[in-house]
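User: Can you walk me through this one? I'm new to reading models.
Analyst: Yes, ask as you go.

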Amino acid sequence: MLTPDLESLIARLPKAELHLHIEGSLEPEMLFALAARNGVTIPFASAAEVRAAYEFSNLQDFLDIYYQGMSVLITEQDFYDLTWAYLERASADTVRHVEIFFDPQGHTTRGVAFATALNGIERALKDGEARLGISYRLILCFLRHLSEEEAFATLELAKPHLHRIHGVGLDSSELGHPPAKFQRVFAKARELGLHVTAHAGEEGPPAYVTEALDLLKVERIDHGNRALEDAALTRRIAEAGLTLTVCPQSNLRLCVIPDMASSPVKRMLDLGLKVTVNSDDPAYFGGYMNDNFRSITKALGLSAAELVQLAENSFTGSFLPGEDIARHVAAVRAAAQ
Ligand code: HPA
Ligand code: ZN
């Protein structure tokens, strides 16, 4: 049940968002505004029509629309406006730190320069830090449906900007594109001093989670739902204290789970896994951070202590230095009083 006490706790707990694709925060209204600004044709007549098209039966259904939506992002200002709108939403949900993904290959393959996307996103993140008090890390994701060679080429494009990028991730179509395909490019990224994370076990089998750990040497796992199908793997993740960035509304809308009561968040907490709650692609899945918290609290009957644990996990699972994590965890505990 979502009591007024729990509702108020969700509204005030400081949180970090660790799994957010900035291109997935493109709301239909902004899609239209940017299409008009840039003279890009989109196959919809209204924002309502766009929302009606957001019916997905799997990850690929969503990705097809997600890549189409990106076509309106052309200028640095477009990337700025997109990122700034997300940060304002995050701030309203008392998100104090974000580690956001961007998909440079979704842009460079359309002729938009790597630096155009990076400059716009970063400028908004810097403004968010100064004006909203939200700290950030930026994670470059490789599109796993593309080749290893293309991932290496993207890492080359990133090289002049490595002081502005904190990590690499792996996203897009999971089935048929196992982590092993990117073992060498992740080794190179680690050599360059970047943090590493990867989507695994969203649609893919537990073996993909094991590969992400053994071959990519990831520091956390994005989604990780299907890891629970393998008891030994689950124990390993718990013992290593690895963070899982679960996305409840995304899971529901992409049919990874049949209903919110099947969200793995509560089971993961009970198993002692370091699970976090995130919004993934909020414009497409119908909710930002606190919407996700409210949905699972209602469906899973989470307690105040469990909500506080989830908020703490979001900071301890972040790439922030220890002293910043300690400060945020203290703020979580103070807000819980
Ligand atoms: N999974 C894989 N790729 C993605 C996702 C996701 O949830 N969102 C954006 N790209
Ligand atoms: Zn994702």
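Analyst: One term to begin with: buried means under 20% relative accessible area, exposed over 50%, and partly exposed in between (1.4 Å probe, protein chains only). This is a predicted model, where local features need pLDDT of at least 70, side-chain atom pairs count only at pLDDT 80 or more, and totals for chains, interfaces and linings use all residues. Residues are numbered from 1 along each chain as its sequence is written, chains are lettered from A and ligands numbered from 1 in the order in which they are written, and side-chain values use heavy atoms, leaving out hydrogens and water.

User: Is histidine 21 buried or exposed?
Analyst: Histidine 21 is buried, because its relative accessibility is 3%. Histidine 199 is buried too, at 4%.

User: Which are the protein donors of the zinc ion (ligand 2)?
Analyst: They are His19 (NE2), His21 (NE2), His199 (NE2) and Asp280 (OD), at 2.0 to 2.3 Å from the ion. Donors are N, O and S atoms within 2.8 Å of the metal (3.2 Å for Na, K and Ca); water is not among the atoms, so sites may look incomplete.

User: How are the donor residues spaced in sequence?
Analyst: The pattern is H-x1-H-x177-H-x80-D. Histidine 21 and histidine 199 are 178 residues apart and link distant parts of the chain.

User: New topic. What does ligand 1 contact?
Analyst: Taking polar contacts as pairs of N or O atoms within 3.5 Å (within protein, one must be able to donate a hydrogen and the other to accept it, and residues adjacent in sequence count only if both atoms are side-chain atoms), a side-chain N or O atom of aspartate 281 is 2.7 Å from a nitrogen atom of ligand 1. A backbone N or O atom of serine 172 lies 2.8 Å from a ligand 1 nitrogen.

Technical notes:
Helix = DSSP H or I, 4+ residues; strand = E, 2+ residues; numbered from the N terminus.
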